[in-house]
Amino acid sequence: MEMLVESNEEQAENGNEQVQEAIHVSAASDFLSSPLLPESYKCNSVEEVRLLAIADNFQRQYCLLCPERKSLLLCPINECGVQKFVSTTLRPTMTSHPGLLNWEGCALFVADFLSLNPLEPPGELPRFLFSATSVLRSQTATCFEYATLLCSLLLGANYDAYCVSGYASKEMCLLDQSLQDCPLLDAQAKDAASDLPPDIEPGLRLQREPKSRFLTQQAKKKQQEAEAKAKQQEEIPQPPADPLQGLRVHCWVLVLAGCRSIQENFFVDPLTGRSYSTTSAHFLGVESVWNNLNYYVNMQDCKDGCAELVYDLHDIKLWEPVLFGAISKRQLSINLLKRKEMKMMGMTWEEEEEEEARVFEMPRSWVTSINISKQDLETCWPGGRKLTRYKKAELERFAPSLRLDGLVTRLSIYKDLDCTEVLTVKEWYQDRNDHLSEREVNKLTGITTERFIPGRHFHLLFHRFTSTQTDGVEHEMEFSGARVDGLVRRVDTPVEMTENFKGREDFLYYRQVIFDSDIQLPEESTGSEPEERPLLQVLERFHRNPNKDANDDVAERVFVALQRRIEVKYHLEEQRFVPCRRTFIKPRESKDQQHKAEDFRADMVSGFHVDPAQKPLNTLALYDLLSDLVKAEKGVALQIKSSKKEERVAAEEQRWLQEKENDFLAPIISRLCDIEIVNADDAQRIYNESLTDFKNCIMAQAQHIQERHDQATQVLQNKQEHYQENRQNMSHQELKEYQAYCAQHIFQIHIAQKRLRMHKRSAAQRYRALDQRLKQHPRLAPYLLN
């Protein structure tokens with residue numbers, strides 16, 4: 001259907017008669033007294049008034065010819081109470097930020113930076129449409145203001161982008177993603193799939209162990225039944241029928257193919273930043289589209305949604321323009337090429353342009369240049385925090401340095417759709433003193449997994465621990481290759497510890513330590529001093545040393561403490577099937593002066609040698625070999641003790657860093673809600689008092705740590721003085737108790753010293769974080785920033 005529209009010249013003449021009236025209406029606005037906005041926000045130019053007249057005439061004819069359709073959004077009111085044509089509200093702006101040079105970065109920024117102000121009523125067009133500059137300042141917007149900001153950025157980045165006024169599903173209009181999968185989970189699933197080993201090449205055959213075809217089929221059948229049953233149990237309830245289905249007004253962005261290597265048209269939902277096909281079922285109809293050059297009304301049938309729409313905006317049978325003959329994005333590109341060609345031929349563009357008929361072109365945008373600062377990109381979300389609910393998941397994101405613990409992302413995975421029972425919590429961190437980057441807590445199994453960036457104490461990269469009431473604490477750790485001892489992995493339980501090594505000079509690559517599980521440690525020492533549990537057995541394995549003979553190169557050795565036995569297995573010699581072995585029984589040592597130490601005898605050694613022709617070692621050689629093994633056993637015991645102490649120190653540091661750092665902020669932040677702030681002086685006073693309270697709290701914490709250090713030191717000195725006075729009369733048991741007492745207090749002193757150093761290092765960072773948080777607080781920010 002063609003609309004009967006007056007020519008642009010006639011509309012312009014009618015517009016001149018309405019200039020004075022429109023200017024008078026603009027001048028009467030209550031918002032014009034604001035000194036912060038330029039004049040273009042408060043009044044209309046002559047060209048804009050003519051455009052308003054054209055738009056008004058177009059609206060009247062549209063309502064007359066299409067009475068069954070709703071009115072068009074042509075001239076909404078801006079933040080100063082002035083009517084502005086929607087196309088002039090778009091301000092193409094290209095930013096210098098690398099993250100905003102493509103549509104994905106622009107869409108993600110807009111979706112994150114703004115918070116939604118839903119349309120009310122949901123089936124009507126908004127009366128107001130604020131500029132992108134005001135929206136960036138308030139960080140709240142309707143879907144139309146979302147789309148306006150995004151389209152302005154895309155136009156500045158040379159995309160052929162348009163705002164779309166139409167209808168969408170309830171979930172899209174209200175930004176309800178509770179039935180959608182969390183994109184972060186999808187990304188993690190893809191990363192996990194990429195970590196799988198590559199497929200075997202077709203020409204490479206591997207030997208497979210024989211399997212029963214019947215048993216394989218039965219197992220596959222059971223698996224399919226289990227998956228079908230699980231799928232039935234996980235039936236996702238459909239949302240209730242929407243009485244406004246197809247009537248909810250929404251605004252999004254259309255990107256046409258042809259610019260920036262875009263091959264196909266697509267939609268972008270500015271509320272989420274996601275792209276959709278133009279045939280997506282989420283979009284139920286289109287009324288109009290517009291960019292900064294023209295406004296087009298859809299003349300196609302949308303009874304089946306947007307699936308059959310054709311986006312050829314130059315076909316006036318499909319899209320009715322407000323300004324006939326106005327230049328388009330495609331014509332701009334053609335003109336640019338013509339200018340280049342004519343310049344090369346020595347001709348000027350103006351000479352040819354004078355012969356063309358002049359038409360009314362879209363006036364320049366009344367909106368000032370869109371300025372997105374580096375702080376906007378860093379803060380990103382309104383108030384520095386944003387919570388999004390997905391299907392069985394909640395995603396919280398925080399601006400860097402907003403939280404004192406360095407938390408930037410938290411993903412909570414739930415068992416049910418109502419998000420009441422937590423299954424897993426995943427957290428991501430930045431700029432932490434302990435170099436923690438990720439933490440995952442499984443609420444069902446009690447397993448906590450932590451990942452660190454390089455620089456952590458003891459070169460720790462990965463830590464997984466399980467705490468159960470019956471089995472105690474289990475630790476699994478991975479380390480970087482920068483450790484001097486070559487340790488790369490450790491698994492520690494209350495009764496066993498295994499360690500893996502790499503690149504050691506002694507060729508050690510594996511160690512297994514078994515502790516005595518029959519001895520019950522005191523409750524206060526459980527988990528804190530596991531090294532007091534006696535060793536039952538230590539197993540070590542070594543790689544082959546090419547500089548030694550295989551019969552002399554130890555492959556495995558076992559220290560059995562209670563049986564005083566040392567077992568040695570050597571590497572397998574070439575063309576042999578059985579390696580050499582030796583078993584030593586250590587002589588008993590003297591416990592006191594009344595009992596003599598046991599002498600070494602040849603029968604304390606047994607073994608097997610693969611070469612019967614080789615002369616066996618004499619008693620002296622065997623004794624020297626045993627002495628080296630006993631010395632090695634003592635060294636291994638010290639290494640095990642060092643490993644356990646290392647874990648104790650790491651655990652103590654972790655507990656210290658995980659203490660409630662925000663406790664002292666509670667009275668400061670809560671006080672902001674109780675005190676009346678009416679001017680900049682009140683805000684500045686609260687700001688200064690909060691920082692002063694923080695300094696006092698930091699000093700009090702440091703003093704408390706110092707007092708604990710001094711107290712432990714004084715107690716240790718008193719104990720040492722008592723020992724010096726009574727050591728001649730102390731029994732062997734009392735001596736052991738004294739040594740254990742000293743070791744415990746030395747450990748407490750060491751921890752207090754490390755806490756004090758960590759406290760001093762983090763004080764400045766925590767102070768800056770608090771300063772930033774106060775400046776961004778909604779009650780202080782309007783006064784402090786100005």
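This report describes a group of paired strands, two internal cavities and a pair of packed helices in a predicted model.

## Strand 24 and its neighbours

Strand 24, which covers residues 581–585, has side chains that alternate between two faces. On one face lie Arg 582 and Phe 584, both of them buried, whereas Arg 581, Thr 583 and Ile 585 point to the other face and are not buried.

This strand has a pairing with strand 23 and another with strand 25, which can be taken in turn. With strand 23, made of residues 565–570, strand 24 pairs in the antiparallel sense over 5 bridges, and within that pairing Lys 569 has Arg 581 of strand 24 as its bridge partner. With strand 25, made of residues 605–608, the pairing of strand 24 is again antiparallel and runs over 4 bridges. Here Phe 584, one of the buried residues of strand 24, has Val 605 of strand 25 as its bridge partner.

## The largest cavity

The model holds 6 cavities of 30 Å³ or more, and the largest of them encloses about 90 Å³ of space. Its lining is formed by Leu 116, Pro 118, Leu 119, Pro 122, Cys 143, Cys 173, Leu 174, Arg 248, Val 249 and His 250. Sorted by class, the lining of the largest cavity consists of 8 nonpolar residues, 1 polar residue and 1 charged residue.

## The second largest cavity

The second largest cavity has a volume of about 70 Å³, and the residues that line it are Lys 70, Ser 71, Leu 72, Leu 73, Leu 125, Ser 165, Gly 166, Tyr 167, Val 249, Glu 287 and Ser 288. Two or more of these lining residues come from each of strand 3 (161–168) and strand 7 (283–290), and strand 3 gives the most, with 3 residues.

By class, the lining of the second largest cavity divides into 5 nonpolar, 4 polar and 2 charged residues. Val 249 appears in the lining of this cavity and also in that of the largest cavity.

## Helices 17 and 18

Helix 17, which spans residues 680–726, packs with helix 18, which spans residues 732–775, at an angle of about 170 degrees, and their axes are 10 Å apart. Because an angle over 145 degrees counts as roughly antiparallel, helix 17 is roughly antiparallel to helix 18. The contact of helix 17 with helix 18 includes 22 nonpolar residues, together with 10 polar and 7 charged ones.

Conventions
Residues numbered from 1 in each chain as written. Predicted model: local features only at pLDDT ≥ 70, side-chain atom pairs only at ≥ 80, totals over all residues. Heavy atoms only, no water. Buried < 20%, exposed > 50% of the residue type's maximum accessible area, 1.4 Å probe, protein only. Pairing = 2+ DSSP bridges. 1 Å grid on protein atoms, 1.4 Å probe; cavity = no way out; pocket = protein on both sides within 12 Å on 5 of 7 lines; lining within 4 Å. Points joined across faces, edges and corners; volume = space filled by probe spheres on them. Nonpolar A, V, L, I, M, F, W, Y, C, P; charged D, E, K, R; others polar. Axes fitted to C-alpha atoms, helices over the stretch in contact; angles between N-to-C directions. Parallel < 35°, antiparallel > 145°, perpendicular 65-115°, else oblique.
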